[in-house]
Amino acid sequence: MRSLRRALLAFFILALIVLVLLFFLENQQAVSLILFGWTSPSIPIALLILIALLVGLLVGPVLSAIARLRSKAPRRVSPR
């Protein structure tokens, strides 16, 4: 059973790598972003999507941790 689980995991990882590689090979058009008058250098659209994905993967857990810490903080009772 353990070897089957490892084989399936290896298959899914390999399939994911192939899909990502195909995505990058199909999206090589260079684009330039303009934001508040600043223009970025032309880079492949697949790289921009990867950067956006990584930023989202970093920002999401950070915001979640902040919200969790705020909800666990003791609340002060204001005198009336």
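I'll start in a loop: Ser40 sits between strand S3, residues 38-39, and strand S4, residues 43-44. This is a predicted model, so keep that in mind throughout. Is Ser40 buried or exposed? Its relative accessibility is 11%, and the cut-off for buried is under 20%, so Ser40 counts as buried. Leaving aside residues up to four places away in sequence, Ser40 touches Ser32 and Leu33.

Now the chain as a whole. There are 2 helices and 4 strands, and along the sequence they come in the order α-β-β-β-β-α. Buried residues account for 4% of the 80 in the chain. The radius of gyration is 22 Å, where a compact globule of 80 residues would have one near 12 Å. Along the principal axes, the C-alpha atoms fill a box of roughly 65 × 55 × 10 Å. Accessible surface comes to about 7700 Å², and carbon and sulfur atoms hold 73% of that.

Next, helix H1, residues 2-26. With 25 residues at 1.5 Å each, H1 should span 36 Å, and its end C-alpha atoms are indeed 36 Å apart. How many of the residues of H1 are buried? The number is 0, so H1 lies largely in the open.

Last, Leu54, which belongs to helix H2, residues 45-72. Leu54 has a relative accessible area of 44%, which makes this residue partly exposed. Leu54 also helps make a nonpolar surface patch of about 1100 Å², whose members include Leu47, Leu50, Ile51, Leu58, Val62 and Ile66. As a general point, an α-helix has 3.6 residues a turn, so residues three or four places apart point the same way.

How values were computed: Residues are numbered from 1 along each chain as its sequence is written. This is a predicted model: local features need pLDDT of at least 70, side-chain atom pairs count only at pLDDT 80 or more; totals for chains, interfaces and linings use all residues. Side-chain values use heavy atoms; hydrogens and water are left out. The expected span of a helix is 1.5 Å times one less than its number of residues. Buried means under 20% relative accessible area, exposed over 50%, partly exposed in between (1.4 Å probe, protein chains only). Contact means heavy atoms within 4.5 Å. Patches are made of residues with over 30% relative accessible area and no salt bridge: like charges are joined within 9 Å, nonpolar side chains (Val, Leu, Ile, Met, Phe, Trp, Tyr) within 5 Å. Accessible areas come from the Shrake-Rupley method with a 1.4 Å probe; for residues, only the protein chains shown count as cover. A salt bridge is a side-chain nitrogen of Lys or Arg within 4 Å of a carboxyl oxygen of Asp or Glu. The radius of gyration is taken over C-alpha atoms; the globule rule is 2.2 Å times the number of residues to the power 0.38.
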